[in-house]
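Student: Can we walk through this one together? I'd like to start with accessibility and then move on to the rings.

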Amino acid sequence: MSDVVRYERRGPVALVTMNRPEYRNAQNSAMTYALDEAFTRAVDDAEVKVIVLAGAGKHFSAGHDIGTPGRDVDKSFENKAVLWWDHVDKEGGDQRFARESEVYLGMCRRWREIPKPTIASVQGACIAGALMLAWVCDMIVASDDAFFADPVVRMGIPGVEYFAHPWVLGPRAAKEVLFTGERFSAQQAKEWGMLNRIVPRADLETETLALAEKIAEMPRFGLALTKKAVNQAEDLMGMRSGMDSAFGLHHLAHAHNAEVGGDSLAGQNARSMRDANKAS
Ligand code: ZN
């Protein structure tokens with residue numbers, strides 16, 4: 001297991017921890033594939049009933065890696081989520097669509113279908129691409145210091161790739177979050193129905209594990225079928241097809257940025273996004 005993700009067994013619970021605290025757990029592809037390996041291990045281990053996803057350090061995750069020294073967008077990994085060609089030797093929209101179909105939308109969908117209950121344990125920042133990681137989990141427990149935002153409209157992009165916003169927040173709150181790009185608190189997220197529980201920061205791990213252990217008392221197959229039933233209902237509410245159409249608009253935005261400015265992120269990077277967020 002790569003050191004960018006830690007894997008621990010705590011009784012019936014697999015604790016999977018993103019481990020790049022020096023970069024606020026910014027998610028590069030190395031981390032994506034290490035997470036996938038960890039989840040696969042948890043699915044294959046008959047002793048594991050529930051999976052907890054956490055982030056090491058002060059923050060759950062700052063989102064996709066758009067500026068650390070470990071940024072690896074030009075690196076090849078063996079596709080796991082979609083049957084598509086590798087992005088590395090392609091150009092323009094061909095490259096972006098291949099990469100984001102695999103490492104963002106495809107991986108998130110793959111993890112949403114993990115046949116064991118998953119719980120995100122969120123503290124500090126949970127920004128943009130990090131929302132995708134929390135949202136694919138079945139439940140979210142957040143500490144009282146957690147904050148959330150999807151500020152990518154500042155890049156001219158209509159939300160992150162896994163476009164669950166209208167389903168997890170409701171349409172009106174989704175628009176507020178996207179239109180303003182502003183941070184919202186754990187309390188606000190809970191009022192909008194995005195969170196299951198808010199706990200004191202010091203109790204986050206114990207409270208999340210306690211919830212996981214409670215769920216672990218249920219039969220494995222029953223949990224898997226129940227998860228599937230709820231996920232299917234969510235898809236019948238249009239989530240899957242809605243996300244597919246939003247993904248097309250997302251790539252129109254990337255292509256537009258590249259066409260008019262030469263950069264698919266509209267010249268923004270991690271620092272400029274953070275500064276704009278602070279100023280707002
Ligand atoms: Zn994108």
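Tutor: Sure, one definition before we look: buried means under 20% relative accessible area, exposed means over 50%, and partly exposed is in between (1.4 Å probe, protein chains only). This is a predicted model, where local features need pLDDT of at least 70, side-chain atom pairs count only at pLDDT 80 or more, and totals for chains, interfaces and linings use all residues. Residues are numbered from 1 along each chain as its sequence is written, and side-chain values use heavy atoms, with hydrogens and water left out.

Student: Is Ala266 buried, exposed or partly exposed?

Tutor: Ala266 sits in the loop between helix 9 and helix 10 (270-279); helices (H or I, at least four residues) and strands (E, at least two) are DSSP runs, numbered from the N terminus. Its relative accessibility is 37%, so Ala266 is partly exposed.

Student: What is the phi of Ala266, roughly?

Tutor: Most residues other than glycine have a negative phi. Ala266 goes the other way despite not being a glycine, with a positive phi of about 55°.

Student: And Ala128, buried or exposed?

Tutor: Ala128 also has a positive phi, near 50°, and lies in the loop between strand 5 (125-127) and helix 3 (129-136). Its relative accessibility is 10%, so Ala128 counts as buried.

Student: On to the rings: how are the planes of Trp84 and Trp85 arranged?

Tutor: Rings of Phe, Tyr and Trp (its six-membered ring) pair if their centres lie within 6.5 Å; planes under 30 degrees apart are stacked, over 60 edge-to-face, and the rest tilted. The search of the whole structure turns up seven aromatic pairs. For Trp84 and Trp85 the centres are 5.0 Å apart and the planes are at 45°, so the pair is tilted.

Student: How many residues apart in the chain are Phe97 and Phe247?

Tutor: Their ring centres are 5.5 Å apart with planes at 50°, so this pair is tilted. Phe97 is in helix 2 (residues 92-112) and Phe247 in helix 9 (residues 239-261), so to speak distant parts of the chain: 150 residues apart.

Student: Which of the two, Phe97 or Phe247, is buried?

Tutor: Phe97 has 31% relative accessibility, so it counts as partly exposed. With a relative accessible area of 4%, the buried one is Phe247.

Student: Which residues do ring pairs link into a cluster with Phe97?

Tutor: We've met the members already. Ring pairs join Phe97 to Phe247, Trp84 and Trp85.
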